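Student: I'd like a close look at one strand and how it is packed. Please go through it slowly, then show me a few other spots worth a look.

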Amino acid sequence: MAAAAASERFFCSDGARLRGDPIAGTASHGAVWVLIEYRGGWPLNGFEGLDLEPGTKAIVLSAAKTARARVLLVRRPGTRRREGQSHWAVLRHENSGAFRQQWGTWSRDEDLAEIAAALSTPGELGHPPVILVCTHSQRDQCCAVRGRPVARALTERWPELVWESSHVGGDRFAANVVVAPDGVYYGNLDVESSVATIEEHLAGRIHAEYLRGYTDLIPAQQAAVAATLRRFGPAGRNDYVVAATSRDGDYWRVRITGNPPHPARVDVELRARHAPPNQLTCRGPAMSSAMVYELVSIRAV
């Protein structure tokens with residue numbers, strides 16, 4: 001009976017792969033991240049669910065809300081160490097394309113109040129990016145089942161850059177990897193594809209195959225950039241810029257400008273439609289209809 005029940009268990013990532021759910025245009029919006037290393041169990045609602053000193057938690061949440069920052073719990077993959085100080089970080093992707101970071105440590109709850117001050121300062125240039133792999137099992141089992149092997153594989157290559165993280169969105173696309181503060185979401189990754197994808201990313205070549213989107217763009221713009229990368233080949237994070245966007249009903253027109261050797265201007269037209277209702281997360285039995293952006297035309301000028 002137990003074996004039968006296990007075989008019937010629903011995994012949202014399996015369902016999405018069988019349906020062929022498009023991933024372009026599904027990255028969560030945001031340009032500022034707060035990372036808090038927490039080695040204990042992660043509650044369903046992440047940082048908000050932690051049993052921390054109430055005043056300090058309120059300070060962090062208020063500052064994050066003002067800065068429109070996303071707060072994520074993180075930990076290093078592998079055996080959880082209990083001793084020593086933990087880290088926190090504020091990562092920021094500016095409109096200019098600059099990537100800034102500020103790091104600190106904490107051992108007492110009250111130390112986390114320093115995050116509020118960090119959110120009001122620009123941070124430092126020159127730090128390497130952070131690679132976040134969602135493994136939040138309390139939020140969705142697919143994130144743990146598919147995310148943890150990916151986190152281990154990436155850690156073997158880049159041990160100083162990789163962290164497991166709490167919920168980043170898009171459970172059905174597990175394993176999900178976010179490169180921050182670059183603000184690039186990848187999904188549908190496994191051990192082999194994750195290493196190849198991040199290797200290319202760090203070399204300044206973002207490919208469309210596993211790209212969910214850039215977090216500073218709205219979904220239609222994310223899909224347009226992915227279509228451009230798919231048509232004209234990989235490019236660096238700041239090689240393409242969205243110059244104009246317009247909408248007419250279900251149709252979106254996005255103009256993208258590129259830096260050499262990429263096309264100087266690309267005009268993309270997309271049609272937005274709702275996919276048939278499906279169960280999109282393991283935990284949520286309700287049926288939901290995701291928005292899909294279909295390519296109508298793409299033209300380099």
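Tutor: What follows takes the strand first and then some other places.

Keep in mind that this is a predicted model, where local features need pLDDT of at least 70, side-chain atom pairs count only at pLDDT 80 or more, and totals for chains, interfaces and linings use all residues. Residues are numbered from 1 along each chain as its sequence is written, and side-chain values use heavy atoms, with hydrogens and water left out.

Your strand is E1, residues 32-37, and 6 of its 6 residues are buried. Buried means under 20% relative accessible area, with exposed over 50% and partly exposed in between (1.4 Å probe, protein chains only). Strands (E, at least two residues) and helices (H or I, at least four) are DSSP runs, numbered from the N terminus. Look at the two faces: Val32, Val34 and Ile36 sit on one side, with Trp33, Leu35 and Glu37 on the other, and both are covered.

Now the neighbours. E1 runs antiparallel to strand E3 (residues 86-93), over 5 bridges, and Leu35 has Ala89 as its bridge partner there. With strand E2 (residues 70-75) E1 runs parallel, again through 5 bridges, and here Val34 is matched with Val71. Strands count as paired if DSSP finds at least two bridges between them.

On to the cores. A nonpolar core is a set of buried Ala, Val, Leu, Ile, Met, Phe, Trp, Tyr and Cys residues joined through side-chain atoms within 4.5 Å. The largest one has 41 residues, and Leu154 and Leu229 have the most contacts inside it. Helix H7 (residues 219-232) gives the largest share, 7 residues. Val32 from your strand belongs to a second, separate core of 20 residues, which also includes Leu73, Trp106 and Leu112.

Two polar residues are also tucked away. Ser13, in helix H2 (residues 12-19), is buried at a relative accessible area of 1%. Its side chain makes a polar contact with that of Arg146 at 2.7 Å. Such a contact is a pair of N or O atoms within 3.5 Å; within protein, one must be able to donate a hydrogen and the other to accept it, and residues adjacent in sequence count only if both atoms are side-chain atoms. Glu269, in strand E12 (residues 265-274), is buried too, at 17%, and its side chain makes a polar contact with the side chain of Arg253 (3.4 Å).
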